[in-house]
Amino acid sequence: MSGDLEGDLRRALRPVEPSAEFTDRLLARVAAAGRATTRPRRTWLRPAAVAAGIVLAFGLSWGTYQHQLQERAFRAHAELLKALAITSRSLDQAYQVVHSSEVDRADGG
Amino acid sequence: MRHVFSCWRGWIAGAAYLVLLHPGASFAAELRIPDFDSLKDKASDSAIISLDENLLGMAGRYLDSSKPADAKAKSVIQGLKSIQVRSFKFDKAYPVPTAEIAALRAQLNSPLWHQAIKTHSESDHSDVDLFIGGDSNQARGLLIIVTEPREFTVVCILGAIDLAKLQDLEGHLGVPKLPVDK
Amino acid sequence: MVYSLGLRILRNRAAAEDLTQDVFMQLLPQISTLASASHARHWLCRVATHRAIDQLRRRPPLPTGDDVLALVGDTEPGDPLLANRLRALIGELPPHPRAVVVLRYQEDMDPTEISELLDMPLNTVKSHLRRALEILRGQLT
């Protein structure tokens, strides 16, 4: 012990950031839920307050938050195209083997 | 020699006709698709993709509807709950992750999942398994496991999958014509 | 802030993530009632702490992963073993004193702010802090 217990406690309890993956997930979920939530009154406050909450809760600047959201969306877009391409290839393989099997059966009478 | 599960045509065709409607509460929300960590280091190329509904929505906003490929992709992902892909390519033979595949298959031990295609090619040393989730009226999930000598792929799509739309992607993303009787 | 509070009070990473997500989802419908960023921060802190305390009181403690007790990273200043020990000891405090200590030393709130946040008399907050420091000091010597 250093003799400064309160200082030791502050050092031991330094704020911890969640994983980037979790932050991504949460930001996406909050953004989606924010879009889905409609309130007739004082709607102009919503984006500002959500942003403020996120900024403060994660220690991010507003610019960083916007940047992270955009980065994640770009990444999701690229991943989506890749996922669809892989899916199509896998379906193609399934089709090829099934199709050739059908041809085999037809040829065999 | 290839062994083909006989009911494949019914399932595929049925699934294509059914615009696979919104998932019901009783259908398993998510399948836990392993990351196949044991393969990552050995693979020369890998793709681990997990897109939930929110991320699909974000991605969808960056699809440009004025471009045919993007417009069709946008149409395909509408109503999807998630897309998960694990794909690995290898320079040489790799150990097939049988335990993880077994764990994945164990999650399909439910009346809501049916194996539509099961093939094994001894000449190619490849296996293709295709499962469709849902009941006889509604399909709500698609799981494909492809095992080849130099490649291993798992694709899981949950939600309102429209295989007919997926088929329309042909020529844009390399999606093949499916055996669908229109 | 929200995640960190959850992690320090609940001592379980998955539980802290669930708590963080729940708190943010709970924030959305309340947005129109919050006038400023500082209100949002106060609201988040208040809800996160109350939920964490409730969870601790309702459910048996969740297993603590080594990574939760362990260092934030190699760059952690001070004595890392001492920091680990302190975090473990704080985790053994009852829910309210634990929350008071976390709010005081992680969030740097003064006793008056903590009293208001936890709806707890100021003297009780001070008493929890004093007692907690005594316990920690006693365990460390």
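**Helix packing in chain C, strand pairing in chain B and the A–B contact**

Val47(C) sits in helix α3 of chain C, the stretch that covers residues 37-58. The model is a predicted one, and this valine is a handy place to start looking around chain C. With 18 other C-beta atoms within 10 Å, Val47(C) counts as partly exposed, because the cut-off for a buried residue is 20 or more. Leaving aside residues up to four places away in sequence, Val47(C) touches Val23(C) and Gln26(C). Leu117(C) lies 70 residues from Val47(C) in sequence, yet the C-alpha atoms of the two are 9.1 Å apart in space.

Stepping back, chain C is built from eight helices and zero strands. Read from the N terminus, then, its elements simply go α-α-α-α-α-α-α-α. Of its 141 residues, 35% come out as buried. Take the contacts in chain C between residues at least 6 apart in sequence, and 62% of them turn out to link residues at least 24 apart.

Helix α1(C), residues 2-10, is mostly covered, with nine of its nine residues buried. The buried set runs through Val2(C), Tyr3(C), Ser4(C), Leu5(C), Gly6(C), Leu7(C), Arg8(C), Ile9(C) and Leu10(C). Right after the helix, Arg11(C) adopts a positive phi of about 60°.

What does α1(C) pack against? One partner is helix α6(C), residues 95-105: the two axes are 10 Å apart and the packing angle is about 140°. That angle makes α1(C) oblique to α6(C), since the roughly antiparallel class takes angles over 145 degrees. The crossing of this pair is right-handed. On the α1(C) side, Leu5(C), Arg8(C) and Ile9(C) do the touching, and they meet Arg98(C), Ala99(C) and Val102(C) of α6(C). By class, this contact holds four nonpolar, no polar and two charged residues.

Helix α6(C) also packs against α7(C), residues 111-118. Here the axes come within 10 Å and cross at roughly 130°, and α6(C) and α7(C) are therefore oblique to each other. This crossing, too, is right-handed. From α6(C) come Ala99(C), Val100(C), Leu103(C) and Arg104(C), while α7(C) brings Ile114(C), Leu117(C) and Leu118(C). Six of the residues in this contact are nonpolar, none is polar and one is charged. Two residues deserve a second look: Ala99(C) appears in the contact with α1(C) and again in the contact with α7(C), and Leu117(C), part of the α7(C) side, is the residue whose C-alpha lies 9.1 Å from that of Val47(C).

Chain B is a mixed affair, with six helices and six strands. Starting at the N terminus, the order is α-α-β-α-α-β-α-β-β-β-β-α. Buried residues account for 39% of its 182 residues. For contacts in chain B between residues at least 6 apart in sequence, 68% join residues at least 24 apart.

Strand β2(B), residues 80-89, has nine of its 10 residues buried, so it is largely enclosed by the rest of the structure. It pairs with two other strands of the chain. Strand β1(B), residues 45-52, runs antiparallel to β2(B) and is joined to it by eight bridges. Strand β6(B), residues 151-159, is likewise antiparallel to β2(B), this time with nine bridges. Phe88(B) ties the two pairings together: in β2(B), it is the bridge partner of Ser46(B), and its own bridge partner in β6(B) is Phe152(B).

Chain B also meets chain A, with 38 residues of chain B in contact with 29 residues of chain A. On the chain A side, α2 (20-36) and α4 (62-107) each supply at least two of the touching residues. Which helix gives the most to this side? That is α4(A), with 26 residues. Sorted by class, the side of chain A that touches chain B contains 16 nonpolar, seven polar and six charged residues.

Methods
Residues numbered from 1 in each chain as written. Chains lettered and ligands numbered in written order. Predicted model: local features only at pLDDT ≥ 70, side-chain atom pairs only at ≥ 80, totals over all residues. Helix = DSSP H or I, 4+ residues; strand = E, 2+ residues; numbered from the N terminus. Buried ≥ 20, exposed ≤ 12 C-beta atoms within 10 Å, placed from the backbone. Contact = placed C-beta atoms within 7 Å. Axes fitted to C-alpha atoms, helices over the stretch in contact; angles between N-to-C directions. Parallel < 35°, antiparallel > 145°, perpendicular 65-115°, else oblique. Left-handed = near helix turned anticlockwise from the far one by under 90°. Nonpolar A, V, L, I, M, F, W, Y, C, P; charged D, E, K, R; others polar. Pairing = 2+ DSSP bridges.
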